[in-house]
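Hi everyone, thanks for coming. Could you pull up the structure on your screens so we can walk through it together?

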Amino acid sequence: MSIAIAALLSACKVPDDPEHTTQDVTGSVLKVGALTDPLDPVEADVVTLLAGMLQAEPEVVRGDPHGLFAQLEAGKIHVVAGRIPSDTPFAADVALTDPLGQLTLAEDTEDRVLAIQKGENRFLGTLNRAIREVVE
Amino acid sequence: MKHDIPDEIEKKLRRAARLEWWSIFWLLTIIAVMYFAMGSSQAMKTAWIEDTLSLLPPILFLLARKFENKPATDKYPFGFHRAGSLGFFLAAAALTAMGGFLLYDAASALILQEHPTIGNVTILKWDVWLGWLMVAALVYSVIPPVILGRMKKPLAHATMDKILYTDADMNAADWKTGLAGIAGIIGIGLWWADAAAAGLISFDILRDGLRNLRIAVAELLDGAPRELDSSDIHPIVQTVTDKLRKRFPGHAVQMRETGRFLRASVVPANGAELDRGEAGKLTSDDQFWRLVAVGRQLQDLPEPAEQDGSKTA
């Protein structure tokens, strides 16, 4: 019963970001880890739109894939972009967005996605809305 | 080996069977709803597996009921009362597995310190967080078991049906895991609180499962009849043993359980094992060691002895 009451009390700010990504980015800086230089147009558009939705200034961070994903997991950057397929081996450690279209790697065609920190569900919702606006 | 079950008990058993058919119907709808809501959420997958597992006790109850009153055959000369014992063991194992699943899930959530990632979908132009759909499915999955479980417990007590009793425990576990799932999706504040809540619930379910499993193992090993809700020996054993000892001075009484029924054997106090020589007269030489006892069933019991001289253990 106490669980149910606690759940109801916390329901007013659900879905939430346990690591407060939305709160940190809003009105501040959106740090984007870029795996390609430059980002493909669809990815750049989504990042710009997301930054606009959160009144944030986008800041691109470049680096090697393992470095960027490690920073993402640690919460040092907010999004990783750059031709990430939905079956990326990093999928176990990060959360992936809805598809931004398709991507051909060697002979396989996969959904193109962005990566964010796991469990940041409010931020994921905002980002997915930005993706939908750009893609549709 | 057909036994006349009193009308009153038979009526309750029929009512229990109807409840079990309803359980299966509701569980199937729950399993379908949960399947469509679960997406890639690990917590939902666990809840779904648990709902699927809880189909087992109702099915076992109906099967055991179908078999237990079948007449004895050449292949099953003792009849099928023990179908109930076997069903009870499997149901108890399912309940234990359910507790184990939830414990594993809670422990890995605590160790990984992760919140489930749940995205959103567009339904009829509305942006809906999938978590809300999952919570709705979980709330739906909680309601029928609560009601059915409460209706099953008194019937299980009245009919001494251990599968039904385990099923009622399973229903109680269903709604507890449903609440744990909701807590895990919404998050109840501190990061460890959801996993800790699920962990506590899993211990509760595991305890019920292991207790039932202990009783079931005792039954399969010809242990003395146990109480429905604990592994203590049922008081009826003492009553029947005392009375039989008065009728058979110098004898010991062994009691065991076959499904919901009880069997008592009166054996010589100084050992009931068949003499090897006697066994040899009955069977071939290389098999005689396997024949350890010969029993005789009684329909009429002798009058109690005047003197109560059988206080031997």
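I'll talk about a few helices, starting in chain A and then moving to chain B.

One thing to keep in mind: this is a predicted model.

Okay, chain A. Helix α3(A) covers residues 41-53. Its 13 residues should span 18 Å at 1.5 Å a residue, and the end C-alpha atoms are indeed 18 Å apart, so that agrees. Which residues of α3(A) are buried? They're Glu43(A), Val46(A), Val47(A), Leu50(A) and Ala51(A). These cover an arc of only 130° around the axis, so they sit on the same side of α3(A). That fits the general picture: an α-helix has 3.6 residues a turn, so residues three or four places apart point the same way.

And what do those buried residues pack against? The partners are strands β1, β2, β3 and β6, plus helix α5, of chain A. On the face turned away from the buried side you'll find the exposed residues Pro41(A) and Gly52(A). Just after the helix, Gln55(A) has a positive phi of about 45°.

Now over to chain B. Helix α2(B) runs through residues 42-53 and reaches 17 Å end to end by C-alpha, close to the 16 Å expected. Its buried residues include Trp48(B), Met44(B) and Leu53(B). The buried residues pack against α1, α3, α4, α5 and α6 of chain B.

Let's finish on α6(B). There, 24 of the 25 residues are buried, so α6(B) is largely enclosed by the rest of the structure. After α6(B) comes Gly187(B), with a positive phi near 85°.

Definitions and conventions. Residues numbered from 1 in each chain as written. Chains lettered and ligands numbered in written order. Predicted model: local features only at pLDDT ≥ 70, side-chain atom pairs only at ≥ 80, totals over all residues. Helix = DSSP H or I, 4+ residues; strand = E, 2+ residues; numbered from the N terminus. Expected span 1.5 Å × (residues − 1). Buried ≥ 20, exposed ≤ 12 C-beta atoms within 10 Å, placed from the backbone. Contact = placed C-beta atoms within 7 Å. Arc of directions from axis to C-beta.
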